[in-house]
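Me: I've got a model open and I'd like to learn how to read its pocket and its helix packing. Can you walk me through it?

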Amino acid sequence: MSGFGELYEAVLGGNKQVAVESTQRALDDGVDPQIIIDNGMIPAMAEAGRRFENEEFYVPELLLAARAMKAALALIRPLLAEGGADRAGSVVLGTVKGDLHDIGKNLVAAMLEGAGFEVIDLGTDVEPERFVEVLKETGADILGLSALLTVTKPAMKDTIDALEEAGIRDEVKVMVGGAPLTAGYADEIQADAFADNASSAVRVAQELVADLARDQPGNRPRQPVG
Ligand code: B1M
């Protein structure tokens, strides 16, 4: 976090105003937005998590840290999205049922938008049926599922089962991510891919769209069915 001490401390300490000012200064100085995220914000959230585990932080401190990070990230998100030129595909994205964590998902959304994907972000605590409904309406190429809690990982499987039940499993590629996940777990629940961070999510999404075009050459881009 060299050079990002103020931002790190502001996010960790939940000081939204300083976090925003510090981020704006870095942007004004021409620092790459991704470097600001990777070197200032993510280490601060990781430290917040470590302190929470050690009972040095409680939920209110986590909430304040998250609020500061989200405010600072709001300055960066449009800049990441600016890179998007040609439409690369479409992604319905959300944090699964029972899970309220959205910072990582928001980063994934920003990076995908930056790479030219259309992102339909359903937010947090999303029921499997809601994902199905929106996939039917939009005919999106990819479903992106995020989970941060061990106890909400099974909601990913429930969502994939709901796609099967709705008869649309073969029409959409499923990408999963979030701190407690592994590629092995993604295989186990028969997701199509796992991405361990927001940058790799873009690469994986590009590969999935290419796979989909190979699997269904006459059916791309898909039309909404709803
Ligand atoms: Co919570 N929480 N939290 N929390 N929280 C964790 C996840 C935890 C690991 C903390 C800890 O104990 N060390 C722990 C989970 C333990 C476990 O299950 N294994 C935990 C817990 C226990 C809880 C509560 C149960 C606490 C309580 O109430 N007693 C509760 C649950 C609420 C709920 O969801 N129902 C809770 C609540 C909260 C807050 C609301 C206070 C707040 C969230 C605010 C918000 O998101 N709006 C919060 C926070 C901030 C955290 C930590 C500290 C930080 C998470 C974060 O934003 N990281 C977290 C500890 C930690 O992760 N170190 C913790 C930064 C973010 C950029 O990283 O989200 O991992 P991450 O996303 C990455 C990758 O995972 C990946 O790319 C992102 C960018 O690189 N990725 C994807 C994520 N989604 C992806 C999707 C993809 C691809 C990649 O494709 C679709």
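Reply: Happy to. Keep in mind that this is a predicted model. Let's begin with the largest pocket: its lining residues divide into 27 nonpolar, 10 polar and 5 charged.

Me: How much space lies in the largest pocket, and which residues are the closest to its centre?

Reply: The largest pocket holds about 1400 Å³ of space. Its lining is made of 42 residues, and those closest to the centre are His 101, Ile 103, Gly 104, Leu 148 and Ala 179.

Me: Which element gives the most to that lining?

Reply: That's α3, with 9 residues. Other elements supply at least two residues each, among them the helices α4 (59-82), α5 (103-114) and α9 (198-215). The strands β3 (142-146) and β4 (173-177) also supply at least two apiece.

Me: Now the helices. What describes two packed helices?

Reply: You give the angle between their axes and the distance between the axes. Try it on helix α1 (residues 5-12) against α3: the angle is about 35° and the axes lie 8 Å apart. The crossing of α1 with α3 is right-handed.

Me: Which residues of α1 meet α3?

Reply: Leu 7, Tyr 8, Val 11 and Leu 12 do it from the α1 side. On α3 they meet a longer list, including Ile 36, Gly 40, Met 41, Glu 47 and Arg 51. By class, the contact of α1 with α3 has 10 nonpolar residues, 1 polar and 2 charged.

Me: At what angle do α2 and α3 cross?

Reply: Helix α2 (residues 16-28) and helix α3 (residues 33-53) cross at roughly 140°, and their axes come within 10 Å. An angle over 145 would count as roughly antiparallel, so α2 is oblique to α3. The α2 and α3 crossing is right-handed.

Me: And what does the contact of α2 with α3 look like by residue class?

Reply: It divides into 5 nonpolar residues, 1 polar and no charged. The residues involved are Thr 23, Ala 26 and Leu 27 from α2, which meet Pro 33, Ile 36 and Met 41 from α3.

Me: Let me try one more pair. How do the axes of α5 and α9 cross?

Reply: At roughly 50°, with the axes coming within 8 Å. The two helices are therefore oblique to each other. As for handedness, α5 passes α9 in a right-handed crossing.

Me: Which residues of α5 and α9 meet there?

Reply: From α5 you have Leu 107, Val 108, Met 111 and Leu 112, and they meet Ala 198, Ser 199, Ala 201, Val 202 and Ala 205 of α9. That contact of α5 with α9 counts 8 nonpolar residues, 1 polar and no charged.

Terms used: Residues numbered from 1 in each chain as written. Predicted model: local features only at pLDDT ≥ 70, side-chain atom pairs only at ≥ 80, totals over all residues. Heavy atoms only, no water. Axes fitted to C-alpha atoms, helices over the stretch in contact; angles between N-to-C directions. Helix = DSSP H or I, 4+ residues; strand = E, 2+ residues; numbered from the N terminus. Parallel < 35°, antiparallel > 145°, perpendicular 65-115°, else oblique. Left-handed = near helix turned anticlockwise from the far one by under 90°. Contact = heavy atoms within 4.5 Å. Nonpolar A, V, L, I, M, F, W, Y, C, P; charged D, E, K, R; others polar. 1 Å grid on protein atoms, 1.4 Å probe; cavity = no way out; pocket = protein on both sides within 12 Å on 5 of 7 lines; lining within 4 Å. Points joined across faces, edges and corners; volume = space filled by probe spheres on them.
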